Amino acid sequence: MEKLVNDFSFGLFFWQIIILVVLVILLKKFAWKPILDALNAREQGIQDALDSAENARKEMQNLQADNEKLLQEARMERDAMIKEAREIKDKMISEAKEDAQREGEKMIQQAKATIQTEKNAALADIKNQVATLSVQIAEKVVREELSTKAKQEKLVEDMLDDVTLN
């Protein structure tokens with residue numbers, strides 16, 4: 001350290017300070033200002049990018065919220081449509097059952113009426129056949145009874161006895 005103090009020259013020191021000051025001024029004017037401007041521009045660009053990213057993130061959150069809201073509305077609408085379709089289906093099924101039951105009852109009534117009509121027709125036919133058979137049997141019996149003269153006279157007398165005169 002003594003050697004440094006012994007070799008110290010004020011002239012050299014003075015020129016070195018002037019060169020340093022001139023160098024600092026030149027650097028400030030020509031280098032630092034453009035470097036600082038570039039750094040400021042880069043800092044501003046980074047800040048703008050961060051702001052844009054933040055805005056994009058907020059927009060994405062808003063879009064996601066909107067999408068969730070739309071999805072929820074779509075689900076509710078879908079559920080309402082499904083519920084309405086089920087109600088329509090149930091209504092159609094119940095109406096079809098009622099129609100089928102009415103139609104079945106109508107067919108049963110028509111069948112009963114047809115059966116009753118056919119039954120009455122069959123009874124009338126049987127009565128006619130019984131009457132015809134009865135007349136035929138009666139005719140055969142009467143022929144048998146009236147085959148002889150004596151039997152005819154006896155029949156007339158029995159009939160006259162049955163008839164009472166007032």
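What pattern does the chain follow, read along the sequence? The pattern is α-α-α. The model is predicted. The legends below go from the whole chain to single side chains.

**Figure 1. The whole chain has three helices and zero strands.**
Along its principal axes, the C-alpha trace spans about 200 × 35 × 25 Å. The radius of gyration is 66 Å, whereas a compact globule of 166 residues would have a value near 15 Å. Helix H2 covers residues 10–145. Helix H3 covers residues 149–162. Of the 166 residues in the chain, 0% are buried.

**Figure 2. The chain exposes about 15,700 Å².**
Carbon and sulfur atoms supply 62% of that exposed area. The charged side chains number 25 positive and 31 negative. The centres of these two sets lie 5 Å apart.

**Figure 3. Leu71 and Thr117 show how far apart two positions in the chain can lie.**
How far apart are the C-alpha atoms of Leu71 and Thr117? They are separated by 67 Å. Along the chain, Leu71 and Thr117 are 46 residues apart. Leu71 is found in helix H2. Its relative accessibility is 40%, so Leu71 counts as partly exposed.

**Figure 4. Asn120 and Glu59 give a second pair of separated positions.**
In sequence, Asn120 and Glu59 are 61 residues apart. In space, the distance is 89 Å, C-alpha to C-alpha. Asn120 has its place in helix H2. With a relative accessible area of 42%, Asn120 is partly exposed.

**Figure 5. A nonpolar patch lies on the surface.**
Which residues form this nonpolar patch? They are Leu20, Leu23, Val24, Leu27, Trp32, Ile35, Leu36 and Leu39. Together these residues have about 720 Å² of accessible area. Ile35, one of the patch residues, lies in helix H2. Ile35 is partly exposed because its relative accessible area is 48%, and the partly exposed class runs between 20% and 50%.

**Figure 6. Arg57 and Glu54 meet in a salt bridge.**
The count of salt bridges comes to three, and this pair is shown here as one of them. The N to O distance between the Arg57 and Glu54 side chains is 2.3 Å. Both residues lie in helix H2. Arg57 and Glu54 are three residues apart, about one turn of the helix. Arg57 is partly exposed, at a relative accessible area of 38%. Glu54 is also partly exposed, at 30%.

**Figure 7. Arg78 pairs with Asp79 in a salt bridge.**
Side chains of opposite charge can pair when their charged atoms come close. How far apart are the closest N and O atoms of Asp79 and Arg78? The distance is 3.1 Å. This pair counts as a salt bridge because 3.1 Å is within the 4 Å cut-off. Arg78 is partly exposed, with 45% relative accessibility. Asp79 is partly exposed too, with a relative accessible area of 42%.

**Figure 8. Arg102 and Asp99 form a salt bridge within helix H2.**
The closest N and O atoms of Arg102 and Asp99 are 2.2 Å apart. The two residues are three residues apart, about one turn of the helix. Are these partners buried or partly exposed? Arg102 is partly exposed, with a relative accessible area of 49%. Asp99 counts as partly exposed, at 42% relative accessibility.

**Figure 9. Four acidic residues form a negative surface patch.**
Which residues form the negative patch? They are Glu153, Glu157, Asp161 and Asp162. Glu153 has its place in helix H3. Glu153 counts as partly exposed because its relative accessibility is 46%. That 46% also passes the patch rule, which takes residues with over 30% relative accessible area.

Notes: Residues numbered from 1 in each chain as written. Predicted model: local features only at pLDDT ≥ 70, side-chain atom pairs only at ≥ 80, totals over all residues. Heavy atoms only, no water. Patch = residues over 30% accessible without salt bridge, like charges linked within 9 Å, V, L, I, M, F, W, Y side chains within 5 Å. Areas by Shrake-Rupley, 256 points an atom, 1.4 Å probe, with all protein chains shown as cover. Lys, Arg positive; Asp, Glu negative; His and termini not counted. Charge placed at Lys NZ, Arg CZ, Asp CG, Glu CD. Helix = DSSP H or I, 4+ residues; strand = E, 2+ residues; numbered from the N terminus. Buried < 20%, exposed > 50% of the residue type's maximum accessible area, 1.4 Å probe, protein only. Rg over C-alpha atoms; globule rule 2.2 N^0.38 Å.
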